[in-house]
Amino acid sequence: ASFSRKAEVRKRHPLTKDELVALERFLVSDSADCTLRDRTLAGFILFCVYCRLRVGDAARIAREPTLDVDRDSGEGYINAGMYEHKTSYRVQNRLCLPVSGAAIGVSGLRWASSWLELRARQGLSASTLSPLMPSPAIDNTWDRHRRLETSECTIWLREVLIRVSGLTSERAEGVGSHSLKATLLSWSAKFGLGAATRRRLGGHVKPKDRSLKEYSRDELAGPLLELDRVLRSVALGVFDPDSSRSGRWKRD
């Protein structure tokens, strides 16, 4: 009887291509209307999206991300590692789960390098004493000893998307912090990537899978290459992740 009265479970919607592009342009913009703090938060949102991370896990990262990119084109990855994450309590050994994502967005802009430069300008550097994404303080600075909460991220994400992408109030109700990790995993599923590839991209392993102890950045090399195909197809307009199943392919 209780189950029959239970409300329907509604998951957060993944972000659209236009919303991602709007965030990337907002991040690299040098307009007076775009404050450093809002642009830094936009960079963190993109970091969570392209690295397929939960906000709570990403905010806890205690080491500043680094770039592994081509000097001329800027193509490559932003890399980090995290010891604390949702399933870390199940692991006997203290393992660093690798984090890696595309350094260039679907807009073609170098969002990763712009974000790291903004962080350096404000003196932000992740460490054991300061989380990767500190919470915004009242005086327009940062509370470096308290990490950004998922509820704070949801409120800010909706506000900035309404401002930069014309997000409607109806659409805003379905967007939140949980949308970030789901975005590229959702795109990959619609693109047709296999379950094993998507599992590695999401940082998941099967229960009792001992290969977790050998999980390294090299293990992500193949899945990241597959994800690059998805992002390149989206950028070129070949694949539309926001369309229906029958209309997602725009041309061969």
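Student: Which residues lie nearest the centre of the second largest pocket, and how many residues line it?

Tutor: The lining of the second largest pocket has 14 residues, and R54, S177, H178, K181 and A182 are the ones nearest its centre. Please keep in mind that this is a predicted model, in which local features need pLDDT of at least 70 and side-chain atom pairs count only at pLDDT 80 or more, while totals for chains, interfaces and linings use all residues. Residues are numbered from 1 along each chain as its sequence is written, and side-chain values use heavy atoms, with hydrogens and water left out.

Student: What makes a space a pocket and not a cavity?

Tutor: Both are sought on a 1 Å grid over the protein atoms alone: a cavity is a set of points where a 1.4 Å probe fits but cannot get out, whereas a pocket is an open set with protein on both sides within 12 Å along at least five of seven lines. A residue belongs to the lining if it has an atom within 4 Å of a point. The second largest pocket holds about 420 Å³ of space, where volume means the space filled by probe spheres set on the points, and the points are joined across faces, edges and corners.

Student: What is the lining of the second largest pocket made of, in terms of polar, nonpolar and charged residues?

Tutor: It divides into 6 charged, 5 polar and 3 nonpolar residues; charged means Asp, Glu, Lys and Arg, nonpolar means Ala, Val, Leu, Ile, Met, Phe, Trp, Tyr, Cys and Pro, and polar means the others, Gly among them. Helices α4 (55-60) and α8 (178-191) each supply at least two of the lining residues, and α8 gives the largest share, 4 residues. Helices (H or I, at least four residues) and strands (E, at least two) are DSSP runs numbered from the N terminus, and the protein has 10 helices and 5 strands.

Student: Why does A102, in strand β3 (residues 97-102), count as buried?

Tutor: Buried means under 20% relative accessible area, exposed means over 50%, and partly exposed is in between, with a 1.4 Å probe and protein chains only. The relative accessible area of A102 is 9%, so A102 counts as buried. Beyond its neighbours within four places in sequence, A102 is in contact (heavy atoms within 4.5 Å) with Y50, G76, Y77, I78, W111 and L231. The C-alpha atoms of A102 and G76 are separated by 6.1 Å, although these residues are 26 apart along the chain.

Student: How do you know whether K190, in helix α8, is buried or partly exposed?

Tutor: The relative accessible area of K190 is 25%, and therefore K190 is classed as partly exposed. Setting aside residues within four places in sequence, K190 is in contact with F239, P241, S243 and R248.

Student: Why is T40 called buried, and what does T40 touch?

Tutor: T40, which lies in helix α3, is called buried because its relative accessible area is 0%. Not counting residues up to four places away in sequence, T40 touches W115, L118, R119, Q122, L124, M133 and W142.

Student: What makes a set of residues a nonpolar core?

Tutor: The set must consist of buried Ala, Val, Leu, Ile, Met, Phe, Trp, Tyr and Cys residues joined through side-chain atoms within 4.5 Å. The largest such core has 64 residues, and F44, F47, Y50, W111, W115 and L180 touch the most other members. Helix α3 (residues 36-50) contributes the largest share of this core, 9 residues.

Student: Which buried residues does helix α5 (residues 111-121) have, and what do they pack against?

Tutor: The buried residues of α5 are W111, A112, S114, W115, L116, L118 and R119, and they pack against α2 (17-28), α3, β1 (66-69), β2 (76-82) and β3.

Student: What sets the phi of R52 apart?

Tutor: Most residues other than glycine have a negative phi. The phi of R52 is near 55°, a positive value in a residue other than glycine. R52 sits in the loop between α3 and α4, and with a relative accessible area of 3%, R52 is buried.
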